[in-house]
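Work through the exercises below with the structure open. Try each task before reading its solution.

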Amino acid sequence: MTTAFDEMKGADGQVRPAYAALASWLEEVRPDVLDHRRQEAEVVFRRIGITFAVYGEAEATERLIPFDVIPRILAAAEWDTLRRGLEQRVKALNLYLKDIYSRREVLRAGIVPDDMVFQNPVFRPEMNGQKVPHDIYVHIAGIDIVRVDADTFYVLEDNARTPSGVSYMLENREIMLRLFPDLFSRHRVAPVENYPDELLASLRSVAPDTAPGEPNVVLLTPGVYNSAYYEHSFLADKLGVELVEGRDLFVKSGIVYMRTTQGPKRVDVIYRRVDDDFLDPLAFRPDTGLGVAGLMSAYQAGNVTLANAVGTGIADDKAIYSYMPEIVKFYLGEEPILKNVPTWRCREPDHLKYVLEHLEELVVKEVHGSGGYGMLIGPMADKAQIAAFRTKLKLDPKGFIAQPTLALSTCPTCVEAGIAPRHVDLRPFVLTGRDKIRIVPGGLTRVALKAGSLVVNSSQGGGTKDTWVLDT
Amino acid sequence: MLSRTADNLYWLARYVERAEYLARILEATQRLTALPLAYVGETNEWVTAVATAGCSSAFFAVHSEANEETVTDFLAFSTDNPSSIRNCFEVARHNARSVRTALTVEMWDAINTAWLELKRFSNQPTSRDEFARFLRWVQGSSLRFDGSAYRTMLRNDAYWFSRLGVHTERADNTARILDVKYHLLLPALEQVGGPLDYFQWSAILRSVSALTAYHWVYRESVKPWLVADLLILNEQMPRSLASCYENLVQNLDRIANAYGRQGPAQRQARAVRTRLQNSRMNEIFQEGLHEFISSFISDNNRLGSAITQQYLA
């Protein structure tokens, strides 16, 4: 494995310009001050209840995501490339989804194989020929980006269903402003605090044309036991919209209403943080109490907007991911600004052969897995794990893709022994409204706190950092 | 606002109020049982405490004997008792979490901090001192929550529903004390009275935090019928039935005004308030204190159902 690119020290050990002020500050600041601030941050997070749940751990149903107080910094020019790349990518995702659920030109042109779509459990036949308001499917995307050198950013994953993490982006900034006013005064950091306003503007812009007057926007949560519940309540609060559960809504004559103390009130836009499967027991899984009976019929009648639309999984599926560069070219006629990580599709015999021969050096992912569960990191795995994965792969090659083990870039991070480089990724949030695409400069930086670890997922012990985009 | 939000706010306030009430009962009972027998008689005050908390049947389903250990555990810490102080805070915090957006930062902080601190207190206090600290902490947490609500909430339906919860619960609690101890409050001509009961009366006043108030209002030594008057009819006394209903009517009226519609809840609350306003203590004694209290408790429950049906379901 090649050495990782450090975002502060660069490839040659020279502090890069964006990090100059931070580097000198880090030299001045006493280690116990950093440690003290870290503890302060933890107390604040615990008190305001920024917690997340880890499934399958009875002990710690409410845990804090570790927060690292050293910011990750992006220069204006770097961000500009990212922003253009993200806009392009999300435009293509929306065009692709519209096409998949209508004319399917992308399949006819042979860009994406038919069976990848039709035999995919995340494809929703209910959406065939279904018009969605203003042809927007992915209103909120969380595109995961990794960096491998000074100039190369890869898209690691397109999260087009119900991406989470934006509350950390906002809260991390708030806490940093509180803890390090001095450090901020040495930089010109682009603000992110307008994200809720941008989100609300996007959501309102996509209300169905039949919505009377001011559209009523709500945020639908699975409830307090969901791992991202804190974020749901946080966002509803910032947006100034009702945080509803399935039982608060009902459908009558194709219109969605919420139960209020003053009787039923019509709902026009649902920012839903409930997965497709649980949205409507009449249309999808009948054994759920999280959804709203009849919601799909109201949706199909065009009386309510769901954000994101139903069936967007067919865009961010790991199997489809590898076709994204062609998809971008197909719909936009442009070269993709952001590259994909080179990916082997195990469904293709020659790819599978290569993957089986190089398991020790590859990362193998389940096509339908998420959150870092069910993947093999070849260089970290022992012989038994590799053998077990080899068997799984041979049994179900279509279920897997493989990628090289990337040397993710690193950022200076507080660890027990002081400050050390740790691997990071980035999840910016891209909002698509009827009028335009909105991206606040920044995103959620996740950091693998264990030395050498590449797994940044919070469910696997990763932490977060504030992400600064410099204005000049 | 969402019916579920209103429901959560209403019950959040009720559970916090209930936790404080339980702490007061436990405190008053501990004082009574610490007195020499000659001052309080042979009664088992721990049985009374369970009855006053309104959970006799649940208690005796688990314990055969009511004593300091079993009762403090059941009322304060037990996870089997849905209304133990611990569970009150658990449920209150759960409700608060479900309606985070309807709470002010201060309210959330008060309830979340209480919930976090609760973990510090072990289920088996090692000493009476420690337990006493726990009880004071409960009262402090409740005051802090209630104070945060009072000082920081917008005066809109969210606030009014939480006030409805406080006063419905408070009326219920005061009525329960009266229901269990009514025989001690009958006028002096009845034989039950006597110097023995003095400490019982004080204990009743203490459990509704009204001992000092009593002296300011009546400027007399503690007389049972005046205790009854203070707890039932005196509108100055925040835990009296009359004061609770004054507040319930006011808050229900505010909701009705804001929504432009009256309903059964408003009518029910006003009917009860009118009855309290038109009552005199001597008439209540003549017609039977116990009957009066029993019918008040069912009226109060009826108001709870009316509020639920009209707004929270």
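**Exercise 1. Locate A:His134, then classify its backbone and its exposure.**

Step 1. This is a predicted model. A:His134 sits in the loop between helix 5 (114–118) and strand 2 (140–147) of chain A.

Step 2. Check the backbone. The phi of A:His134 is near 60°, a positive value in a residue other than glycine. Most residues other than glycine have a negative phi.

Step 3. Count neighbours. A residue is buried at 20 or more other C-beta atoms within 10 Å and exposed at 12 or fewer. A:His134 has 18 C-beta neighbours inside 10 Å, so it counts as partly exposed.

**Exercise 2. Repeat the analysis for B:Arg219. Is it buried or exposed?**

Step 1. B:Arg219 lies in the loop between helix 11 (211–218) and helix 12 (224–232) of chain B.

Step 2. Its phi is positive, about 50°, although B:Arg219 is not a glycine.

Step 3. B:Arg219 has 7 other C-beta atoms within 10 Å, so it is exposed.

**Exercise 3. Find the cis peptide bond that ends at A:Asn308, and place that residue.**

Step 1. Read omega. The bond from A:Ala307 to A:Asn308 has omega near -5°, and it is cis. Most peptide bonds are trans.

Step 2. Place the residue. A:Asn308 belongs to the loop between strand 10 (305–307) and helix 11 (313–316) of chain A.

**Exercise 4. Lay out the sheet that contains strands 6, 7 and 8 of chain A.**

Step 1. Set the order. The sheet is open, has 3 strands in the order 6-7-8, and pairs them antiparallel.

Step 2. Find the edges. Strand 6 (249–252) and strand 8 (263–266) of chain A are the edge strands, each pairing on one side only.

Step 3. Add the twist. From one strand to the next, it averages 40°.

Step 4. Take the pairing of strand 6 with strand 7 of chain A. The two are antiparallel over 4 bridges. A:Lys252 has A:Ile255, in strand 7 of chain A, as its bridge partner.

Step 5. Take the pairing of strand 7 with strand 8 of chain A. Here 4 bridges join antiparallel strands. A:Arg259 has A:Pro264, in strand 8 of chain A, as its bridge partner.

Step 6. Look at the connection. Strand 7 and strand 8 of chain A form a hairpin, with 2 residues between them.

**Exercise 5. Describe the contact between chain A and chain B.**

Step 1. Count residues. Chain A gives 16 residues and chain B gives 16 residues.

Step 2. List the elements on the chain A side. Helix 9 (229–239), strand 5 (242–244) and strand 7 (255–260) of chain A each supply at least two residues.

Step 3. Sort the chain A side by class. The result is 5 nonpolar, 5 polar and 6 charged residues.

**Exercise 6. Characterise the fold of chain B. Does its radius of gyration point to a compact globule or an extended chain?**

Step 1. Take the secondary structure. Chain B has 16 helices and 0 strands.

Step 2. Take the extents. Along the principal axes, the C-alpha trace of chain B spans about 55 × 50 × 35 Å.

Step 3. Compare with the globule rule. For 313 residues, a compact globule would have a radius of gyration near 20 Å; the 19 Å of chain B agrees, so the answer is a compact globule.

Step 4. Check burial and contacts. Of the 313 residues in chain B, 48% are buried. Of the contacts between residues at least 6 apart in sequence, 69% join residues at least 24 apart.

**Exercise 7. Analyse how the two domains of chain B meet.**

Step 1. Set the bounds. Domain 1 covers 1–153 and domain 2 covers 155–313 of chain B. Their C-alpha centres lie 20 Å apart.

Step 2. Count the contact. Domain 1 of chain B gives 29 residues and domain 2 of chain B gives 25 residues.

Step 3. Name the elements on the domain 1 side. Helix 1 (3–34), helix 2 (37–40) and helix 3 (45–52) of chain B give two or more residues. Helix 1 of chain B gives the most, with 17 residues.

Step 4. Sort the domain 1 side by class. It divides into 18 nonpolar, 5 polar and 6 charged residues.

Note on methods
Residues numbered from 1 in each chain as written. Chains lettered and ligands numbered in written order. Predicted model: local features only at pLDDT ≥ 70, side-chain atom pairs only at ≥ 80, totals over all residues. Rg over C-alpha atoms; globule rule 2.2 N^0.38 Å. Contact = placed C-beta atoms within 7 Å. Nonpolar A, V, L, I, M, F, W, Y, C, P; charged D, E, K, R; others polar. Pairing = 2+ DSSP bridges. Axes fitted to C-alpha atoms, helices over the stretch in contact; angles between N-to-C directions. Domains from an automatic or database assignment.
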